[in-house]
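Trainee: I have a chain open in the viewer and would like to practise reading it. Could you take my questions in turn?

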Amino acid sequence: MRRASPAGRPAAGGRPPRPRDAQPEQLGFEGMPERLFVCTPSKLGAYEDCPRRYRYSYVDRPAPPKGPPWAHNSLGASVHTALKNWFALPADRRRPEVLPTLLKGVWVRDGYRDDEQERDAYRRALAWLEAYVGGLDPTDEPVGVERVVAVKTGVLAFNGRTDRIDSRPGPHGPELVIVDYKTGRTGLDGDDARGSQALALYAYAAERVFRRPCRRVELHHLPSGTIAGHEHTVESLARQVTRAEAAARDIMAAERSVAEGGDADDAFPTAAGPRCAWCDFRRHCPAGSAMPGKEPWAAVERFAGPPAAQD
């Protein structure tokens, strides 16, 4: 019988014992796929607008405190939720008369200058809603309202919540249409719809989730009652996906650089410009804080949204 060796000494012909707290080394496997970049339109948009804003939102932990809430965000959220709840009603109850109750029930009060401005914003929002639903057929059932769609590519694991997905007749059968409500800046046109990465990714994902063609995207601007639309092709959607993948690669490279000890300011530089006035993190950013800022209620007061598109 072989005698046990004293602790820490190898038995004859054996290997040294492994320390009690040692962990087995994890080996990499050549050819393993890289991790996908999990993202939403807001996440991608934050980086493309300003890498520093992306860093403050998604990289720094704890994240810097945001500034006060924006009145235009409160207004937009209230209108979006009221429309969602309108579509949740049975078709025979989708009437303009229910809108005051719906809007009051979801009204967000944050960010307004005073009660007078808030009351004015509420009256305007109600008028927009009444005019908008007055042009809808209440018996039309959308394919989705506030519906999450998701898709994976070789680089992205994308998911996003669409305001509405409609079904309309197409040359070869029913086709899906992405509808996005807007309550901010005026003057939206077909170029805004064509250039929107978020709308294109929604369409790309919806086509794969529902297995039905989805090429048309629309911006419904409630204050003006206008619709800006664009008809994508397979190729134009693919270009938007490629653009999103390129941004994702840049983000992952920057995050990797910081994780390996690189300078976070170099990895996520500031893209200073007019958007800084509306940035939640302006007071924490040396370049942004040097730009003139806006009051939380400014966009509502001048009746124009911030430069950044709302999701």
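Mentor: The questions below go from confidence to cores, then to single residues and one helix. This is a predicted model, in which local features need pLDDT of at least 70, side-chain atom pairs count only at pLDDT 80 or more, and totals for chains, interfaces and linings use all residues. Residues are numbered from 1 along each chain as its sequence is written, and side-chain values use heavy atoms, with hydrogens and water left out.

Trainee: What is the mean pLDDT of the chain?

Mentor: pLDDT is the predictor's confidence in each residue, from 0 to 100. In this chain, 86% of the residues reach 70 or more. The mean pLDDT is 89.

Trainee: Over which residues is the pLDDT below 50, with nine contacts beyond near neighbours in sequence?

Mentor: Contact means heavy atoms within 4.5 Å. Where pLDDT is low, the predicted coordinates should not be read in detail. The stretch with nine such contacts and pLDDT below 50 is residues 1-28.

Trainee: Which element gives the largest share of the largest nonpolar core?

Mentor: A nonpolar core is a set of buried Ala, Val, Leu, Ile, Met, Phe, Trp, Tyr and Cys residues joined through side-chain atoms within 4.5 Å. Buried means under 20% relative accessible area, exposed over 50%, and partly exposed in between (1.4 Å probe, protein chains only). Helices (H or I, at least four residues) and strands (E, at least two) are DSSP runs, numbered from the N terminus. The largest core has 40 residues, and its largest share, ten residues, comes from α7.

Trainee: Which residues touch the most other members of that core?

Mentor: I178 has contacts beyond four places in sequence that include L199, Y202 and A203. A206 is also among the contacts of I178. The residues that touch the most other members are F37, L44, I178 and A206.

Trainee: Which residue is joined to R61 by a cis peptide bond?

Mentor: Omega of this bond is about 0°. The residue joined to R61 sits in the loop between α2 and α3. The name is P62.

Trainee: Is R211 buried or exposed?

Mentor: R211 is found in the loop between α7 and β5, and its phi is positive, near 55°, although it is not a glycine. Its relative accessible area is 75%, so R211 is exposed.

Trainee: Is E118 buried or exposed?

Mentor: E118 lies in helix α5. Not counting residues up to four places away in sequence, E118 touches W107, R109 and Y112. Its relative accessible area is 9%, so E118 is buried.

Trainee: How many Å apart are the end C-alpha atoms of α5?

Mentor: The expected span of a helix is 1.5 Å times one less than its number of residues. With 20 residues, α5 should therefore span 28 Å. The end C-alpha atoms agree with this, being apart by 28 Å.

Trainee: Which residue caps the N-terminal end of α5?

Mentor: Look for a side-chain oxygen 3.2 Å from the backbone nitrogen of E116. The residue that supplies this oxygen is D114.

Trainee: How far apart in space are G76 and V108, C-alpha to C-alpha?

Mentor: G76 lies in helix α3 and counts as buried, at 4% relative accessibility. G76 and V108 are 32 residues apart in sequence. In space, C-alpha to C-alpha, the distance is 9.2 Å.

Notes
Polar contact = N/O pair within 3.5 Å; in protein donor to acceptor, adjacent residues only side chain to side chain.
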